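Reader: I've got a model open on my screen and I'd like to learn how to read it. Can you walk me through it?

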Amino acid sequence: MTESIKIVILLGAPGSGKGTVAQYIRDRYNICYFSTGNLLRNEVKEKTSIGRRVENILGSGGLVGDDVVNEIVEKNIEKVAESRKVILLDGYPRTKNQAVVLDAIRSGEFKEVIRVIELDVGVEEVVARISQRRVCAKCGNTYGPMDGVKVCSCGGELIKRKDDEEATIRNRLNEYEKATLPLSQYYSNRIVKIPGNGTPKEVAHKVDGCLHGFGIEKRR
Ligand code: AMP
């Protein structure tokens with residue numbers, strides 16, 4: 001009988017709280033976490049041949065070619081397939097072509113079961129959230145309006161990133177929408193949308209319910 005490995009894909013616009021949710025799942029569930037952004041940055045740091053190819057693209061904010069990203073994801077899924085752990089993918093797929101390739105990956109005896117969680121937050125909410133965000137000029141820590149601090153815990157000054165100006169945010173959201181809409185449609189029968197505008201506790205509760213529905217339980 002073919003065994004299955006479960007893959008959970010996390011979709012969410014910039015400012016939707018995707019990073020917080022990913023961290024929540026990593027802390028409480030027994031999963032393998034892959035962020036393609038981290039994997040690619042690692043290739044650059046290690047100066048691999050892939051790293052040298054993608055270095056400039058990462059710096060520019062453009063998308064790395066599907067072939068490169070698909071190869072990295074496939075390699076990493078293969079590495080952990082034996083453990084039959086749940087895999088959480090963050091930042092992948094970003095295009096429909098990547099989603100099609102992911103569906104076709106077969107790791108030896110294993111068949112993938114893919115489920116998608118999308119954090120759904122309105123444009124105005126995201127604009128409000130990000131434009132109030134401040135970043136530490138020294139260590140890069142991010143603070144939201146709810147944190148109520150004026151100086152970073154490391155003592156660094158809190159500044160507004162150029163990326164977080166309103167016009168830039170709207171632009172990034174447009175780009176995100178354009179790229180993700182085909183993905184949401186592609187996954188329409190495997191996707192659960194969670195409103196991302198609740199308190200962190202409310203969102204976490206919904207995420208738990210969603211994962212439970214996928215047959216994935218918290219670490220004991
Ligand atoms: P992230 O940390 O997810 O924001 O990713 C950082 C950068 O890595 C992106 O701006 C892209 O250049 C690249 N990247 C990450 N994931 C992908 C992907 N699935 N497809 C193409 N490029 C990606």
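Reader: Which residues come nearest to the ligand?

Author: This is a predicted model, where local features need pLDDT of at least 70, side-chain atom pairs count only at pLDDT 80 or more, and totals for chains, interfaces and linings use all residues. Residues are numbered from 1 along each chain as its sequence is written, and side-chain values use heavy atoms, with hydrogens and water left out. A residue is near a molecule if one of its heavy atoms lies within 4 Å of it. Here 14 residues surround the ligand, and Thr-36, Leu-58, Gly-62, Gly-91 and Gln-98 come nearest.

Reader: Which helix gives the most to that shell?

Author: Helices are DSSP runs (H or I, at least four residues), numbered from the N terminus. Helix α2 (residues 36–45) gives the most, with 4 residues.

Reader: Which polar side-chain atoms lie by the ligand's nitrogen and oxygen atoms?

Author: Look for pairs of N or O atoms within 3.5 Å; within protein, one must be able to donate a hydrogen and the other to accept it, and residues adjacent in sequence count only if both atoms are side-chain atoms. Thr-36 has a side-chain N or O atom 2.8 Å from a ligand nitrogen. Arg-41 places a polar side-chain atom 3.0 Å from a ligand oxygen, and Arg-94 places one 3.0 Å from a ligand nitrogen.

Reader: Is Thr-180 buried or exposed?

Author: Buried means under 20% relative accessible area, exposed over 50%, partly exposed in between (1.4 Å probe, protein chains only). Thr-180 has 6% relative accessibility, so this residue counts as buried. Thr-180 sits in helix α7 (residues 166–186), and its side chain reaches the backbone oxygen of Tyr-176 at 2.6 Å.

Methods
Helices (H or I, at least four residues) and strands (E, at least two) are DSSP runs, numbered from the N terminus.
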